[in-house]
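The following exercises invite the reader to work through a structure step by step. Each task is followed by a worked solution.

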Amino acid sequence: MEISKLALENLGRFRAQEIALAPTTSVPSNVTVLIGNNGAGKTSILKSLATSLSWFVARLRSDKGAGSPIPEEVILNGAASAAVHVAILDHGVFFQWTLARSRPGKKAEHSSSLHDTARLADKYRTSLTADEHASLPLIAFYPVERVVLDIPLKIKEKHSFLQLDGYDNSLNQGVDFRRFFEWFREREDSENEAAVPDEVLEQLQKVIAHTRNEAIWKELQKINASAKDRQLTAVRTAIEMFMPGFSNLKVRRRPRLHMSIDKDGETLNVLQLSQGEKSLMALVGDIARRLAMMNPTLENPLHGDGIVLIDEVDMHLHPQWARTIIARLTSTFPNCQFVLTTHSPLVISDCKDVLVYALDNGELTPVPSQYGQDANTVLLDVMHTDIRNATINTRINDLRDLIEDGRLDAAQALLNELQAELPAQNLELAKARLLLRKEELRRAKNN
Ligand SMILES: Nc1ncnc2c1ncn2[C@@H]1O[C@H](COP(=O)(O)OP(=O)(O)OP(=O)(O)O)[C@@H](O)[C@H]1O
Ligand SMILES: [Mg+2]
């Protein structure tokens, strides 16, 4: 399932805006990235998508289910009503719906038409009725407020997790770590019940080593591996793929109930992780958990289908992680469509086939591929940002002008000033030194 097109009318800062999302005929990947300065309208686009998709999720739960309304404050100032139109492609079939909202007491220019949400939901409900383990599409929105790791110290009652519960809070708060924890614990309990306990395996290993019967030992290990919970394995695998050096996510009961993870061989409480590590683990763990819940019979639940919206995808990430985030998302979750926003030049310069749009004052422009461009070029060309401090930039330009005009004493004085202020290895100053030396030699030769 994928969103092929979105159109906004009188919404946020957009009067009328159409956006085609990847994959398109020219960009075959599943990734669309929105860039643009603060207030450009990136979050408004993601929120509109989430609001619109909430109607499909609600109708999947029940016939007459109602999703979230468009909040009144996002109706364009001065307009009487706003509308979000989406076109969804699901296994070759198109579905389109319109969600509208008008101001109280105003004559609306738009009206909702949600028939197709029911048609699409009905399709999935029919397949769920025929097979209660049929796969459902993941639909999730991760807003910037997504990183709260709310780990309950006590779990009062055990939940039973239904497949449809994979949609719980998926469009309003993103990561639901409390549920993640409860779900993980529940599945781990049943995994532990099903598996041959480690102590028993150890004892058996000793006996078998003595009798040298390798075949029996292998058979036992096979039994143990098949008892591993496929859904938990999916979550653990996703985290390991995303975060090299991290493994073995577990719920521990001592000294008190907590979740632990091994980092480079050391076992840590997840609360001890850094903000960036927590945020990535929570995001990836949440996507993987929801996919696992929605695809109970898929051999690899991470290959489930879905739509994932992430605001400020590089939030808290070191440049090294920001650079590879899209590649990691698409290799870990190959069948999900991603719509992302970012302020980082690194995010969009590391992947070949991403559809990038620049937003400026409510205007949307497709950006040519930035694959392989250095961060400074992306900053200058696409994000229209100086690559260094503006005052220093002006003084370096002045220095170049002085050298070119042959005012070498003044150039030397300015160079000395800049050398005293900037790091010794500054490339622009090294170039200026060479240029100045060349000019001095040329002048000496001519005299
Ligand atoms: N009802 C409205 N009418 C007119 N303009 C609006 C309305 N609501 C929001 N805006 C405009 O939209 C902007 C908010 O857009 P949005 O939150 O999508 O920006 P953004 O691109 O996500 O920015 P940031 O990078 O800071 O998160 C506001 O700055 C405001 O100018
Ligand atoms: Mg925003």
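**Exercise 1: An unusual residue in a strand**

Asn-248 belongs to strand β7, in a model that is predicted.

*Task.* Determine what is unusual about the phi of Asn-248, and decide whether the residue is buried or exposed.

*Solution.* Start from the general expectation: most residues other than glycine have a negative phi. Asn-248 is not a glycine, yet its phi is positive, at about 60 degrees. Next, count its surroundings. Asn-248 has 12 C-beta neighbours inside 10 Å, and a residue with 12 or fewer is exposed. Asn-248 therefore counts as exposed.

**Exercise 2: The sheet that contains β7**

*Task.* Describe the order of the strands in the open sheet of 3 strands, and identify which strands stand at the edges.

*Solution.* The strand order is β7-β8-β9, and the pairing is antiparallel. β7 (246-252) and β9 (266-269) each have a single partner strand, so each stands at an edge with one side lacking a neighbour in the sheet. From one strand to the next, the twist averages 25 degrees. Between β7 and β8 (residues 258-263) there are 5 bridges; one pair places Phe-246 opposite Lys-263 in β8.

The loops can now be added. The loop between β7 and β8 holds Pro-255, and the peptide bond from Arg-254 to Pro-255 is cis, with omega near 0 degrees. In the loop between β8 and β9 lies Asp-264. Its phi is positive, near 45 degrees, although Asp-264 is a residue other than glycine. With 9 other C-beta atoms within 10 Å, Asp-264 is exposed.

**Exercise 3: A sheet with helices against it**

*Task.* State the order of the open sheet of 4 strands, and find which strands helix α1 touches.

*Solution.* The order is β2-β1-β4-β5, with antiparallel pairing. The edges are β2 (14-20) and β5 (93-102); each has a single partner strand, so one side of each is left without a neighbour in the sheet. Neighbouring strands are turned against each other by 10 degrees on average, direction ignored. β1 (residues 2-11) pairs with β2 over 6 bridges, and Leu-11 faces Phe-14 in β2.

Helix α1 (residues 42-61) packs on this sheet and touches β1, β2, β4 (81-90) and β5, with its direction at about 110 degrees to that of β1. Helix α2 (residues 115-130) lies across β4 and β5, at about 135 degrees to β5.

**Exercise 4: The surroundings of the ligand**

*Task.* Establish how many residues surround ligand 1, and which element gives the largest share of the shell.

*Solution.* Ligand 1 is surrounded by 15 residues, the closest being Asn-38, Gly-39, Lys-42, Thr-43 and Ser-44. Sorted by character, the shell comprises 4 nonpolar, 8 polar and 3 charged residues. Its largest share, 3 residues, is supplied by α1.

**Exercise 5: Enclosed strand, open helix**

*Task.* Decide whether β10 is enclosed or open, and then whether α13 is enclosed or open.

*Solution.* In β10 (residues 306-310), 5 of the 5 residues are buried, so the strand is largely enclosed by the rest of the structure. Gly-306, Val-308 and Ile-310 point one way, while Ile-307 and Leu-309 point the other way. β10 pairs in the parallel sense with β6 (residues 138-142) and runs parallel to β11 (residues 336-341).

For α13, the number buried is 1 of 20 residues, so this helix lies largely in the open. At 1.5 Å a residue, α13 (residues 427-446) should span 28 Å, and its end C-alpha atoms are 29 Å apart, which agrees.

Methods. Residues are numbered from 1 along each chain as its sequence is written. Chains are lettered from A and ligands numbered from 1 in the order in which they are written. This is a predicted model: local features need pLDDT of at least 70, side-chain atom pairs count only at pLDDT 80 or more; totals for chains, interfaces and linings use all residues. Helices (H or I, at least four residues) and strands (E, at least two) are DSSP runs, numbered from the N terminus. The expected span of a helix is 1.5 Å times one less than its number of residues. Two strands pair if DSSP finds at least two bridges between them. Axes are lines fitted to C-alpha atoms, for helices over the stretch in contact, and angles run from 0 to 180 degrees between N-to-C directions. Two residues are in contact if their C-beta atoms, placed from the backbone, lie within 7 Å. A residue is near a molecule or strand if its C-beta atom, placed from the backbone, lies within 6 Å of it. Ala, Val, Leu, Ile, Met, Phe, Trp, Tyr, Cys and Pro count as nonpolar, Asp, Glu, Lys and Arg as charged, and the others, Gly among them, as polar.
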